[in-house]
Amino acid sequence: MTVIESTSRFTHAQLQPMRARLGKTLLAYGALALGACLLAPLVGSTSISLARVFDRSIPFADNVDAQIFFIARLPRVLAGAIVGAALASAGVVLQALLRNPLATPFTLGVSAGAALGAMLAISLGAAITLGPFSPVPLASLTGAFLSAAIVYAMATRSGRPISTSVLLLAGVTLNSFFSALILFIQYMGDFAETYRTVRWLMGDLDVGGFGPILGALPLIMVAFVIFAMLSSSLNVLSVGTETAATRGVDVARTQRLAFISSALATSAAVSLAGPIGFVGIVVPHLVRLMAGVDHRIVLPAAALFGAAFLVACDLMARTVLAPVEVPVGVVTAMLGGPFFLWLLIRKA
Amino acid sequence: MALQVESVSFEYNSREDTPDEANHSFSLTDVSLTIRSGSVTGLLGPNGCGKTTLLKLMAGVLRPRRGVITLGGRAIHGIPRRELAKQIAVVPQETHPAFDYSVLEMVLMGRHPHLGNFQLEGPKDIDIARDSLLATGTQHLAERAYMTLSGGEKQRVVIASGLAQAPDVLLLDEPTASLDLAYQLEIASLLYRLNRDRGVSIVLATHDLNLAASLCDSLALVRSGRVLAHGETREVLTAATIRQLYDVDADVHVHETSGHLTVVPIRRAPRPSL
């Protein structure tokens with residue numbers, strides 16, 4: 001089964017030089033992402049027409065379709081796209097760094113740190129803002145950075161490769177420790193606060209405008225630039241750290257950059273939309289099944305596919321039980337959970 | 001280019017140098033070796049004597065505590081990583097990629113040191129990869145997934161990947177361990193051809209004394225982190241050195257049909273009383 005799959009996939013890869021393969025991948029997945037971002041805002045409780053949205057003859061103030069498209073729906077769709085892209089590609093990078101295809105962006109404790117930050121901001125009624133960041137995203141970003149810093153400090157020793165086992169264990173431990181703190185604060189808190197945090201934990205792409213997106217976007221862009229720089233080294237690194245070292249890869253530097261960039265992308269995504277699970281594992285695996293495992297292909301493809309995937313999930317979240325809205329994290333988990341189990345069975 | 005190990009000492013310091021998932025405690029003491037350009041050198045010694053550590057030092061993965069390792073007269077830890085990888089390639093004992101790479105993808109990764117950060121492999125790199133597949137007799141496997149190959153096929157693919165680095169020196173860590181007899185012979189003749197046809201210097205750590213006797217023109221015998229003997233195979237491989245090395249009595253003689261030395265282990269020698 002695996003042999004047949006790999007063979008057919010590879011024949012495809014061999015016939016095309018890398019440049020053509022990369023071009024085609026970007027084109028196909030780019031079209032998918034763009035299509036999702038254009039179509040999703042057209043669907044909703046009020047139906048609008050794309051022609052009317054872009055009809056210049058109607059002034060914006062009178063163009064209800066354009067208002068719904070640009071003000072109500074587009075920010076939400078764009079938030080879905082960049083969060084999906086960030087989580088999926090951060091998943092790819094962490095899976096290569098840990099040499100473990102079952103790692104997720106939340107394996108490193110970043111999401112629990114973010115949740116704790118958000119929770120504290122909610123229950124303490126924090127009012128600190130910074131540029132485009134309102135109190136809750138700011139607090140969750142701080143919590144995410146803090147937990148990433150703790151894990152990083154524990155797993156790195158000067159000049160040596162990162163200890164991936166310490167990285168994993170510290171991340172998992174931090175995750176459960178912070179989760180316990182969250183439960184404790186929830187237990188002590190009042191009902192309204194508890195509801196808000198639980199809702200935050202379910203993930204929500206209704207970010208309320210372009211402002212919060214502009215806050216997270218630069219962080220995610222920086223991470224993407226680093227991802228692009230690392231992509232070919234990640235191939236060699238995923239074969240083995242010592243093999244990578246003998247192929248001219250600066251292993252310690254590559255690992256550090258991989259950790260920092262994926263933590264950055266994950267933190268920004270989580271601070272924007274809460275910890276939306278399964279995107280970071282389902283999308284990389286689907287992309288590897290479709291496009292092969294070379295990170296120079298998988299990284300951009302996962303980012304674009306992740307964008308389309310989360311936009312589609314969010315579309316389902318707001319339409320399936322309309323007018324009631326299902327939290328998007330519930331949708332991704334309901335799709336992703338069984339998929340993850342299927343992956344495990346398939347592997348075994 | 002000659003690879004020279006000059007009075008190198010090394011110890012794993014548990015806080016700094018122990019690599020992940022390993023608990024080495026041995027060390028190397030004052031090791032000196034000369035790997036002549038175009039030679040085939042065998043590293044022999046009991047388990048845990050420091051053979052793998054020595055290979056890692058020669059590959060520049062580990063850095064000596066004392067002494068220096070030079071390649072063509074330059075200290076290797078002063079050579080930039082990528083440049084060093086164009087000259088020295090390593091074939092580890094086992095290679096377990098985390099993802100389902102194809103054989104051609106694995107071999108093309110050998111081109112990594114030759115490519116810039118955003119440079120994709122071009123026709124020249126593909127030609128070199130094809131040539132490496134051909135040299136190792138793995139061209140028919142190019143489209144297969146690496147993980148579905150047999151042990152001997154994997155080993156040849158990893159050697160092909162090392163060849164794609166176009167190195168002057170190939171370091172191999174027990175290349176025939178866990179392979180059946182036919183594969184062992186195949187790897188041996190492959191290494192012989194690579195050395196003869198391409199002039200690649202070869203250093204291999206091995207437990208197979210007969211492989212070493214037939215393939216290597218010089219041997220280094222390592223025990224407890226020290227070099228017991230280093231020189232021409234015929235001079236170094238004797239019943240006395242084998243007893244010193246392994247505490248084993250062996251019969252060493254010239255095999256009539258092949259003309260190589262043959263080692264027949266007889267019994268475990270009693271440990272010398274102190």
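**Figure 1. Strand β3 (residues 40–44) of chain B runs parallel to strand β8 of chain B, and four bridges join the two.** Welcome to this predicted model. A good place to settle in is Thr41(B), whose bridge partner in β8(B) is Val203(B). Strand β7 (residues 169–173) of chain B also pairs with β8(B) in the parallel sense, here over five bridges. To find that pairing, look for Val169(B), which stands opposite Ser201(B) of β8(B). Between β7(B) and β8(B) the chain passes through helix α6 (residues 181–198) of chain B, making a right-handed β-α-β crossover.

**Figure 2. Strand β8 of chain B is covered on both faces.** What lies on each side of β8(B)? One side carries Ser201(B), Val203(B) and Ala205(B), while the other carries Ile202(B) and Leu204(B), and all of them are buried. Five of the five residues of this strand (residues 201–205) are buried, so β8(B) is largely enclosed by the rest of the structure.

**Figure 3. Helix α4 (residues 123–135) of chain B reaches 18 Å from its first C-alpha to its last.** With 13 residues, α4(B) comes close to the 18 Å expected at 1.5 Å a residue. Just past the helix, have a look at Gly137(B), which follows α4(B) and has a positive phi near 65 degrees.

**Figure 4. Helix α4 of chain B has buried residues along one face.** Which residues of α4(B) are buried? They are Asp125(B), Ile128(B), Ala129(B), Ser132(B) and Leu133(B). Seen down the axis of α4(B), the buried residues fall within an arc of 140 degrees, so they line one face of the helix. A handy reminder for reading this view: an α-helix has 3.6 residues a turn, so residues three or four places apart point the same way. The buried residues of α4(B) pack against two helices of chain B, α3 (103–108) and α5 (151–163). On the other side of α4(B), Pro123(B), Lys124(B) and Asp127(B) are exposed.

**Figure 5. Chain A meets chain B through 37 residues of chain A and 31 residues of chain B.** On the side of chain A that touches chain B, the elements giving two or more residues are α1 (2–15), α2 (18–39), α7 (164–188), α9 (211–239) and α10 (241–246) of chain A. Start with α1(A) if you are exploring this side, as α1(A) gives the most, with eight residues. By type, the residues of chain A on this side divide into twelve nonpolar, 16 polar and nine charged.

Notes
Residues numbered from 1 in each chain as written. Chains lettered and ligands numbered in written order. Predicted model: local features only at pLDDT ≥ 70, side-chain atom pairs only at ≥ 80, totals over all residues. Contact = placed C-beta atoms within 7 Å. Nonpolar A, V, L, I, M, F, W, Y, C, P; charged D, E, K, R; others polar. Buried ≥ 20, exposed ≤ 12 C-beta atoms within 10 Å, placed from the backbone. Pairing = 2+ DSSP bridges. Right-handed = clockwise from strand over helix to strand, strands pointing away. Expected span 1.5 Å × (residues − 1). Arc of directions from axis to C-beta.
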